[in-house]
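Q: Could you take a close look at one part of this model for me, the charged patch on its surface? I would like to see how that part sits within the whole chain.

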Amino acid sequence: MGKKKKKSMEATLRETGLKTEIGESNIGFQMLTKMGYNSGSGIGLYNSSVSLPIHITVKHNRAGVGMETAKKLKQLEEQENHKRKQKSQQKVTSQQKVTSRQKVTAQRKFTPQQNVT
């Protein structure tokens, strides 16, 4: 069986499996009914929790479950570091401008003036 056929077959089986409800012969369903669960209502003290199944997403790569979040965090950290470097470079250049101005004014103050006749 080819990879494409296998993937499409898995996808159709998954979708049909997710659309069908758990039968009353299921052990988990029997346990829930013994504890007071009614089909279609939520679970918990006030029956106010989620009544529908949790949506799933299928991973097609071999990366770990939290890998996408870790990549995003790393990108954000790199952006922050880049911004910090830019700010520090701006501070250095502004300080260099100030010191160069101070040098120029100091040179003007201490140079002998020419005699005006």
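A: Happy to help; here is the patch first, and then its setting.

This is a predicted model, where local features need pLDDT (the predictor's confidence in each residue, from 0 to 100) of at least 70 and side-chain atom pairs count only at 80 or more, while totals for chains, interfaces and linings use all residues. Residues are numbered from 1 along each chain as its sequence is written, and side-chain values use heavy atoms, leaving out hydrogens and water.

Lys-83, Arg-84, Lys-87 and Lys-91 form a positive surface patch. Patches take residues with over 30% relative accessible area and no salt bridge, joining like charges within 9 Å and nonpolar side chains within 5 Å; a salt bridge puts a side-chain nitrogen of Lys or Arg within 4 Å of a carboxyl oxygen of Asp or Glu. Lys-87 belongs to helix H3, residues 67-110, with helices being DSSP runs (H or I) of at least four residues. Lys-87 counts as exposed because its relative accessibility is 56%, where exposed means over 50% and buried under 20%, with a 1.4 Å probe.

Some care is due here: in the protein chain, confidence is lowest in H3, at a mean of 79, and highest in helix H2 (residues 27-34), at 90. Where pLDDT is low, the predicted coordinates should not be read in detail.

As for the setting, the protein chain has 3 helices and 0 strands, and 3% of its 117 residues count as buried. There is also a nonpolar surface patch of about 370 Å², made by Met-1, Met-9 and Leu-13. Met-1 lies in the segment before helix H1 (3-19) and is exposed, with a relative accessible area of 77%.

Technical notes. Accessible areas come from the Shrake-Rupley method with a 1.4 Å probe; for residues, only the protein chains shown count as cover. Lys and Arg count as positive and Asp and Glu as negative; His and the chain ends are not counted. The place of a charge is taken as NZ of Lys, CZ of Arg, CG of Asp or CD of Glu. Helices (H or I, at least four residues) and strands (E, at least two) are DSSP runs, numbered from the N terminus.
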